[in-house]
Amino acid sequence: MTNGFPKGFDPDQHRLLRTLYGDLVPPLEMISVRSGLYALVDHMFAQIGRLPHRRDLRVVRIESRNAGWLEIVTTGGAAGAGDIIADAEEAARRTCEHCSKPARMVVKVGLESLLSAPDVVLGDRLLCTDCADAFRKEIG
Ligand SMILES: [Zn+2]
């Protein structure tokens, strides 16, 4: 069950965001986060979507890279968008990637994890205490 938290985004939630905010939202495959960050991404689009002058603003890609590091790439611009995006990136630094509770620690997932969990995705994860305990059991 180590792939219980793959990176991606919920297709239904994505469809709804596209309906609400159109081209502001990138294609589904350009959003690559674990489920704990879905609400944060959703909230960010809701806020940007409310900006009065956002016609040429596009979110090109959203990707969580290393533990707590969310990369949000945009083109164009809109007054106020920078602050909203910075807030989302900041929130990702304290949000559990698996369940969205307050994060407490970074769990290292290095090559040695492959010995007990051959299909685990490498790369460190920022998790809450409960998720860290559960995940450490999975990766041995
Ligand atoms: Zn958690």
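These exercises work through the domains, the sheet and one loop residue of a predicted model.

Residues are numbered from 1 along each chain as its sequence is written. In this predicted model, local features need pLDDT of at least 70, side-chain atom pairs count only at pLDDT 80 or more, and totals for chains, interfaces and linings use all residues.

**Exercise 1.** State how the chain is divided and describe the contact between the domains.

*Solution.*
- Step 1. Take the bounds: domain 1 covers 2–92 and domain 2 covers 105–139. Such bounds come from an automatic or database domain assignment.
- Step 2. Place the domains. Their C-alpha centres are 25 Å apart.
- Step 3. Take the contacts. Five residues of domain 1 meet ten residues of domain 2. Contact here requires C-beta atoms, placed from the backbone, within 7 Å.
- Step 4. Class the domain 1 side: one nonpolar, four polar and no charged residues touch domain 2. Nonpolar means Ala, Val, Leu, Ile, Met, Phe, Trp, Tyr, Cys and Pro; charged means Asp, Glu, Lys and Arg; the others, Gly among them, are polar.

**Exercise 2.** Derive the strand order of the open sheet and the sense of each pairing.

*Solution.*
- Step 1. Fix the terms. Helices (H or I, at least four residues) and strands (E, at least two) are DSSP runs, numbered from the N terminus. Strands pair if DSSP finds at least two bridges between them.
- Step 2. Pair β1 (residues 31–32) with β2 (residues 58–64): parallel, two bridges. S32 faces E63 in β2.
- Step 3. Follow the connection. From β1 the chain passes through helix α2 (residues 38–49) to β2, a left-handed β-α-β crossover. Right-handed would mean a clockwise path from the first strand over the helix to the second, with the strands pointing away from the viewer.
- Step 4. Pair β2 with β3 (residues 70–75): antiparallel, six bridges. R58 is opposite T75 in β3.
- Step 5. Inspect the hairpin of β2 and β3. Five residues separate the strands, and G68 in the turn has a positive phi of about 80°.
- Step 6. Assemble. The order is β1-β2-β3, with mixed pairing. β1 and β3 are the edge strands, each pairing on one side only.

**Exercise 3.** Locate S100 and characterise its backbone and exposure.

*Solution.*
- Step 1. S100 sits in the loop between α3 and β4 (105–107).
- Step 2. Its phi is near 70°, positive in a residue other than glycine.
- Step 3. S100 has 18 other C-beta atoms within 10 Å, so S100 is partly exposed. Buried needs 20 or more such atoms within 10 Å, exposed 12 or fewer, and partly exposed lies in between, with C-beta atoms placed from the backbone.

Conventions
Contact = placed C-beta atoms within 7 Å.
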